[in-house]
Amino acid sequence: MKTLILYSSKYGFTKKCVDYLSSKIKGEIYIVNINDEKDINLGYYNNIIIGSPVYMGMINGDLKKYINENIDLLLTKKVYLFLSCGVLKNMDTYLKANFDEKFLNHIIISKCFGGELRLDKLSFIDKMIAKMASKAHDGSEKPSFLKQNVDEFIDEINE
Ligand SMILES: Cc1cc2nc3c(=O)[nH]c(=O)nc-3n(C[C@H](O)[C@H](O)[C@H](O)COP(=O)(O)O)c2cc1C
């Protein structure tokens with residue numbers, strides 16, 4: 001079984017998730033950061049895992065563009081999707097805002113893996129936005145690695 005993990009990561013949390021997935025998923029694993037590489041032979045893989053962080057409600061632009069440009073081939077593959085995001089309860093909103101209904105219906109499993117917010121790592125602008133966002137929401141959710149969601153995702157792929 002050949003699995004491609006196609007991802008983007010601005011501050012490293014999504015990359016950490018990718019590293020964890022690649023250590024647990026059976027078979028051959030190939031990892032591509034969409035921001036570095038776009039010439040991908042999708043036809044070669046059986047499974048495609050797509051992983052993106054959410055910034056201001058949006059997934060990574062390169063990833064979104066790549067999905068739209070390769071939708072026909074993706075619809076012939078087993079596709080699994082995860083999002084890194086701080087506000088778990090908004091997962092459905094993020095899915096609907098970023099992906100076509102046809103694509104969403106095709107996905108075998110989609111999960112939020114949680115998120116990480118390290119203010120010391122953020123750019124000035126991102127720090128301002130993150131501070132405003134954390135004031136705006138009720139603060140009941142703290143970003144973290146949602147191991148149970150990640151492990152359920154892995155079990156579905158390894159089945
Ligand atoms: C500027 C900024 C905007 C963000 N916007 C959202 C958002 O709209 N919704 C959300 O759930 N999380 C949001 N987050 C949290 C990120 O999705 C989370 O930190 C994620 O782990 C980032 O992944 P990365 O380290 O791979 O870039 C935001 C974080 C920052 C810094």
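These questions and answers walk through a predicted model.

Trainee: How many helices and strands does the protein have, and what pattern do they follow along the sequence?
Mentor: The protein has seven helices and five strands. Read from the start of the sequence, their order is β-α-β-β-α-α-β-α-α-β-α-α.

Trainee: What radius of gyration does the protein have, and what would a compact globule have?
Mentor: Begin with the box. The C-alpha atoms fill roughly 45 × 30 × 30 Å along the principal axes. For 159 residues, a compact globule would have a radius of gyration near 15 Å. The protein agrees with that, at 15 Å.

Trainee: What percentage of the residues is buried?
Mentor: Buried here means under 20% relative accessible area. Of the 159 residues in the protein, the buried ones make up 42%.

Trainee: Is strand S1 mostly covered or mostly open, and how many of its residues are buried?
Mentor: S1 spans residues 2-7, which makes six residues. The strand is mostly covered. Its buried residues number five.

Trainee: Which strand pairs with S1 over six bridges, and in which sense?
Mentor: Two residue pairs show the register. Leu6 has Val32 as its bridge partner, and Tyr7 has Asn33. Both partners lie in S2. The strand is S2, residues 28-33, and the sense is parallel.

Trainee: What is the hand of the crossover from S1 to S2, and which helix does the chain pass through?
Mentor: The chain leaves S1 and passes through H1, residues 13-24, before it enters S2. That is a β-α-β crossover. With H1 as the helix, its hand is right-handed.

Trainee: Which strand is joined to S1 by five bridges?
Mentor: Tyr7 gives a lead: it stands opposite Gly51 in S3. S1 and this partner run parallel. The partner covers residues 47-53 and is strand S3.

Trainee: Where is Met56, and what is its phi?
Mentor: Most residues other than glycine have a negative phi. Met56 is not a glycine, yet its phi is positive. The residue sits in the loop between S3 and H2. Its phi is about 50°.

Trainee: Why does Met56 count as exposed?
Mentor: The cut-off for exposed is over 50% relative accessible area. Met56 passes as exposed because its relative accessible area is 66%.

Trainee: Is Phe113 buried or exposed?
Mentor: Phe113 lies in the loop between strand S5 (109-112) and helix H6 (124-136). Its relative accessible area is 0%. The cut-off for buried is under 20%, so Phe113 is buried.

Trainee: What distance separates the C-alpha atoms of Phe113 and Phe145?
Mentor: Along the chain, Phe113 and Phe145 are 32 residues apart. In space, their C-alpha atoms are separated by 6.0 Å.

Trainee: How much space lies in the largest cavity?
Mentor: A search of the whole structure with a threshold of 30 Å³ or more finds one cavity. The space in the largest cavity is about 40 Å³.

Trainee: Which helix gives the largest share of the lining of the largest cavity?
Mentor: The lining residues are Lys64, Ile67, Asn68, Ile71, Asn98, Phe99, Asp100 and Phe103. By class, four are nonpolar, two polar and two charged. The largest share is three residues, and they come from helix H2, residues 61-69.

Technical notes. Residues are numbered from 1 along each chain as its sequence is written. This is a predicted model: local features need pLDDT of at least 70, side-chain atom pairs count only at pLDDT 80 or more; totals for chains, interfaces and linings use all residues. Side-chain values use heavy atoms; hydrogens and water are left out. On a 1 Å grid over the protein atoms alone, a cavity is a set of points where a 1.4 Å probe fits but cannot get out, and a pocket is an open set with protein on both sides within 12 Å along at least five of seven lines; lining residues have an atom within 4 Å of a point. Grid points are joined across faces, edges and corners, and a volume is the space filled by probe spheres set on the points. Helices (H or I, at least four residues) and strands (E, at least two) are DSSP runs, numbered from the N terminus. Ala, Val, Leu, Ile, Met, Phe, Trp, Tyr, Cys and Pro count as nonpolar, Asp, Glu, Lys and Arg as charged, and the others, Gly among them, as polar. Buried means under 20% relative accessible area, exposed over 50%, partly exposed in between (1.4 Å probe, protein chains only). Two strands pair if DSSP finds at least two bridges between them. A crossover is right-handed if, with the strands pointing away from the viewer, the path from the first strand over the helix to the second runs clockwise. The radius of gyration is taken over C-alpha atoms; the globule rule is 2.2 Å times the number of residues to the power 0.38.
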